[in-house]
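Visitor: Please show me the model. I would like to go through its strands and one of its helices.

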Amino acid sequence: MDWGMKNRFSKIIRPADGRCLMLAVDHGYFLGPTERLEDPRKTVAPLLPYADSLMLTRGVLRNCVPAERDVPIVLRVSGGTSIVGEDLSKEAITTSIEEAIRLNASCLALSIFVGSKYEHQTLASLGKLVDEGEKFGIPVLAVTAVGKEMGRDARYLGLACRVAAELGAHIVKTYYCENFEQVVESCPVPLVVAGGKKLPEMDALKLAHDSVTHGAAGVDMGRNIWQSDYPVPMIKAVKAIVHDNADVKEAYSIFTREKAGKKEPQKVKAVARPADFD
Ligand code: 5RP
């Protein structure tokens, strides 16, 4: 890795412990106004001090995150589909490398859909993006997106992660599964685990704990943080697992202690929304 690539990579996966807490707020790129991410400014601001990096699109970055804030950016550069469209796997690169550089991105993120109708298109885009990233010293995070019909087991996720790494991804985002160690062992680059749909806090903390204890470098977590009634206590608890090796019990007690210090849960807005995704 050259200096620039190494420097940017170290902003995402912290060299002190090889771990990462990436806060994902990119959901709107195909889901529109996701519950509790209707106004990303409000969702993101209180969480920023606790996130190692922020994963989002250029639109939310430009409009909802103050440029003065010193937070490393994982810029989602793939998209072009929506939850009501033809096929979610039909993604292309939607943001240029010049724009990513202008926005001072520390990492580029793109989804691949292994086993889907548009597998080839998304994998070819990954190869192209890695070439661009290498040219300018910007690492690429491959997001292994799983279609409804795909099994989320170690065999399938292992395949998707390995393909991503073979095509040059510097980091791969995937899901936790049974026998996760097999996915880790067969992927030569660091893995981060997505949180997925909102779970009870204890279960989400267990997911984060299982992920890092079975070899993930950290989490790329969204809904399980900001859809919690207590997002700041939740991110603090996840951070304790990722960076301080807290166990689930310790993390949950951080969550309950922090929660006790807050007056009211965050308010839910009653608006029509598209269906959630996995
Ligand atoms: C959407 C994404 C999300 O960033 C990713 O799924 C993490 O968010 P969550 O923890 O809510 O699943 O890549 O395509």
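Guide: Two strands pair if DSSP finds at least two bridges between them. Helices (H or I, at least four residues) and strands (E, at least two) are DSSP runs, numbered from the N terminus. This is a predicted model: local features need pLDDT of at least 70, side-chain atom pairs count only at pLDDT 80 or more, and totals for chains, interfaces and linings use all residues. Residues are numbered from 1 along each chain as its sequence is written, and side-chain values use heavy atoms, with hydrogens and water left out.

Visitor: Which residue in E10 stands opposite Leu23?

Guide: The strands form a closed barrel of 8, in the order E1-E2-E3-E6-E7-E8-E9-E10, with parallel pairing. Strand E1 (residues 20-24) pairs with strand E10 (residues 218-221) in the parallel sense over 4 bridges. Opposite Leu23, in E10, stands Met221.

Visitor: Why are the buried residues of H12 on the same side, and what arc do they cover?

Guide: Helix H12 spans residues 248-260. Its buried residues (under 20% relative accessible area, against over 50% for exposed and partly exposed in between; 1.4 Å probe, protein chains only) include Val248, Ala251, Ile254 and Phe255. They lie on the same side of H12 because the arc they cover, taken from the directions from the helix axis to the C-beta atoms, is only 125°.

Visitor: Which residues are exposed on the other side of H12?

Guide: What covers the buried residues of H12 includes helix H9 (201-213) and helix H11 (231-244). On the other side of H12, the exposed residues are Lys249, Arg257 and Ala260.

Terms used
The expected span of a helix is 1.5 Å times one less than its number of residues. Contact means heavy atoms within 4.5 Å.
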